[in-house]
Number of protein chains: 2
Amino acid sequence: MKIGIVGLGLIGGSLGLDFRRLGHQVLGVARRAATGEAAIACGAVDQASTELQSLQAADIVFLCTPIHMIEAISIDLIPHLSPQTILTDVGSVKGAIVDAVTPHWPNFVGGHPMAGKTEVGIAVAEPHLFAQRAYVITPVATTPTTAVAVLRELATALQAQVLTCTPAQHDRAVAWISHLPVMISGSLIQACLNEPDAHIRKLAESLASSGFCDTSRVGGGHPELGLMMARYNRDEVLRSLQAYQQEIQQLTTLVATDQWAALAARLTENHQARSRFIQSTPEPDTAAP
Amino acid sequence: MKIGIVGLGLIGGSLGLDFRRLGHQVLGVARRAATGEAAIACGAVDQASTELQSLQAADIVFLCTPIHMIEAISIDLIPHLSPQTILTDVGSVKGAIVDAVTPHWPNFVGGHPMAGKTEVGIAVAEPHLFAQRAYVITPVATTPTTAVAVLRELATALQAQVLTCTPAQHDRAVAWISHLPVMISGSLIQACLNEPDAHIRKLAESLASSGFCDTSRVGGGHPELGLMMARYNRDEVLRSLQAYQQEIQQLTTLVATDQWAALAARLTENHQARSRFIQSTPEPDTAAP
């Protein structure tokens, strides 16, 4: 299969490495020629270009750019494609993207491989990045079944665990486990920075260890990623933030009113429940969407 | 030196391993005889007992029990000690402990080695646990300088970075970087559990990956630890929770009112500031307290 990849960063580059290993021909497009050269050098693509028209022979094109560029790039790309070409993306938000791109290209199917690293860019692309990780596919009523089947087959070949759901279900679920964590984690850093006593602030910096490190990690990550989550999944991020505020308020009340038994019960529930999120490997669905 | 350790868990056991390696004689006391036997077997103590009177020859005693037992154990221990014996503890809260124990034993000095692991118990004790980690010593006006000097010397021999500050300063700083993270991290789990749609809840569990894992880690930890932080550092935990609520409220307002430039600035500030907490190695103070 001829596979196009627009955007040769961590995700695009890692997809390319795997697809080439699986015997596909990979055509890459990057904004900068140097990125394409790096992708060729590391084996992520067979050929690279800065021009979208280089993808005209592709059977499927993966859009792996930042979220806010996906619609514009798909509009630029479409004139070069044959009607059979499947278009898909890897954005961490699905509703806004599916709504934006589907009217331009009915043969579009949204996707979201749940893989990431702290670092970004082609230099950190790696094979097998998607193995044993969830790959969410979000067709809508008008999505051609062939497009879904082809994407499912490719994702399965990556050894990813394929799940299908609606864009709205995806966005609500990832608000909880991906976008809300970024917001609450960032607010931890912000709250510490706003401690008015400079001596305490300095002492806190000196004493911070693994607990602070882990809890603040995603909140101290790439600012653009957090911004895109909030902008493109705004309603679900807001909904989760509002629910979270209630939880924090209830917790604060328990402490303020010395309700230690109730606090202990709550902490115990959290302790027990966490393993359901952490040990859980996604259950791949087998039903055709 | 003869060093007594009451409570042979991760911290008590690890202190014992290091102090024996450094040539001291270590006398351990555990509630259960089996724990003492395990401590002898792994080399954490020279001798072990379930009786506090076994520590009567100790030059210094480290209280390494859970926070809520420290005062009661110190009261039971004191009749067996000679007046020169230094008493110290390793609790993660200092004000409440220093206030409680000092009136009983003026030769008490509070301490807090900032080392921990997810697991607890003598089985996970390890040598060098405190190396390159902060060891906070919190003398008050009445604390004998000898007690501080001896503890400082022992902590330095562990290769820990010794800092001194008041109990109040310690408690305010650790509220930010240790206790608040536990509270906000636990509330993330709680908020996810309270998603009313069972299908979304299940999907969220399936999709949770490293971001959720890290952000929820300390909130899903040992319930008793979180409870003790809240009970024994109640006022500072409340203060940090209230400041944090304001941050979350401000963030929510930015998203709700589409203030993307302001949100981007905030996320960028967090991104840049985090390294001050993470890269920071404590600056050991050299001044006598």
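**Exercise 1. Work out how helix α7 of chain A packs on helix α6 of chain B.**

Let us start with geometry: α7 (residues 198-207) of chain A and α6(B) pack with their axes 8 Å apart, at an angle of about 60°. This angle makes α7(A) oblique to α6(B), since only angles from 65 to 115 degrees count as roughly perpendicular. Next comes the hand of the crossing of α7(A) and α6(B), which is right-handed. Keep in mind throughout that this is a predicted model.

Now list the residues on each side. From α7(A) come A:I200, A:L203, A:A204 and A:L207. They meet B:Q169, B:R172, B:A173, B:V174, B:W176 and B:I177 in α6(B). Sorted by class, the contact of α7(A) with α6(B) has eight nonpolar residues, one polar and one charged. A reminder that helps when reading such lists: an α-helix has 3.6 residues a turn, so residues three or four places apart point the same way.

**Exercise 2. Describe the packing of helix α11 of chain A on α6 of chain B.**

Take the angle and distance again. Helix α11 (residues 260-278) of chain A and helix α6 (residues 167-193) of chain B have axes 9 Å apart and pack at an angle of about 75°. The two helices, α11(A) and α6(B), are therefore roughly perpendicular to each other.

Then turn to the residues. In α11(A), A:R266, A:L267, A:N270, A:A273 and A:R274 take part. Their partners in α6(B) are B:G186, B:I189, B:Q190 and B:L193. By class, the contact of α11(A) with α6(B) splits into four nonpolar, three polar and two charged residues.

**Exercise 3. Characterise the side of chain B that touches chain A.**

Begin with the count: 84 residues from chain B and 84 residues from chain A make up the contact. Which elements of chain B each supply at least two residues of that side? They are β7, α6, α7 (198-207), α8 (210-216), α9 (223-232), α10 (234-256) and α11 (260-278) of chain B. The largest share, 20 residues, comes from α6(B). As for chemistry, the side of chain B that touches chain A has 46 nonpolar, 25 polar and 13 charged residues.

Finish by zooming in on α7(B). Its residues B:L203, B:A204, B:E205, B:S206 and B:L207 are buried. The buried residues of α7(B) pack against β7, β8 (161-164), α6 (167-193) and α11 of chain A, together with α6 of chain B.

**Exercise 4. Summarise the fold of chain A and the meeting of its two domains.**

First, the chain as a whole. Chain A has eleven helices and eight strands, and its C-alpha atoms fill a box of roughly 65 × 40 × 30 Å along the principal axes. Of its 289 residues, 54% count as buried. Among the contacts in chain A with a separation of 6 or more, 69% come from residues 24 or more positions apart.

Second, the domains. Chain A is divided into domain 1 (2-165) and domain 2 (170-278). Their centres, taken over C-alpha atoms, are separated by 32 Å. In the contact between them, 14 residues of domain 1 of chain A touch eleven residues of domain 2 of chain A. On the domain 1 side, α4 (95-101) and β7 (134-138) of chain A are the elements that give two or more residues. That side divides into seven nonpolar, six polar and one charged residues.

**Exercise 5. Examine two loop residues of chain A with a positive phi, and decide whether each is buried, partly exposed or exposed.**

Some background first: most residues other than glycine have a negative phi.

- A:Q159 is not a glycine, yet has a positive phi of about 65°. It is found in the loop between α5 (145-157) and β8 of chain A. A:Q159 counts as partly exposed because it has 13 C-beta neighbours inside 10 Å.
- A:D258, also not a glycine, has a positive phi of about 55°. This residue lies in the loop between α10 (234-256) and α11 of chain A. A:D258 counts as exposed because it has 12 C-beta neighbours inside 10 Å, and 12 or fewer is the cut-off for that class.

**Exercise 6. Locate B:V140 and describe its surroundings.**

Place the residue first: B:V140 is in the loop between β7 (134-138) and α5 (145-157) of chain B. It counts as partly exposed because it has 17 C-beta neighbours inside 10 Å. Leaving aside residues up to four places away in sequence, B:V140 touches B:V98, B:T102 and B:P167. Lastly, the C-alpha atoms of B:V140 and B:C192 are separated by 43 Å, with their positions 52 residues apart along the chain.

How values were computed:
Residues are numbered from 1 along each chain as its sequence is written. Chains are lettered from A and ligands numbered from 1 in the order in which they are written. This is a predicted model: local features need pLDDT of at least 70, side-chain atom pairs count only at pLDDT 80 or more; totals for chains, interfaces and linings use all residues. Helices (H or I, at least four residues) and strands (E, at least two) are DSSP runs, numbered from the N terminus. A residue is buried if 20 or more other C-beta atoms lie within 10 Å of its own, exposed if 12 or fewer, and partly exposed in between; C-beta atoms are placed from the backbone. Two residues are in contact if their C-beta atoms, placed from the backbone, lie within 7 Å. Domain bounds come from an automatic or database domain assignment. Ala, Val, Leu, Ile, Met, Phe, Trp, Tyr, Cys and Pro count as nonpolar, Asp, Glu, Lys and Arg as charged, and the others, Gly among them, as polar. Axes are lines fitted to C-alpha atoms, for helices over the stretch in contact, and angles run from 0 to 180 degrees between N-to-C directions. Angles under 35 degrees count as roughly parallel, over 145 as roughly antiparallel, 65 to 115 as roughly perpendicular and the rest as oblique. A crossing is left-handed if the near helix is turned anticlockwise from the far one by less than a right angle, and right-handed if clockwise.
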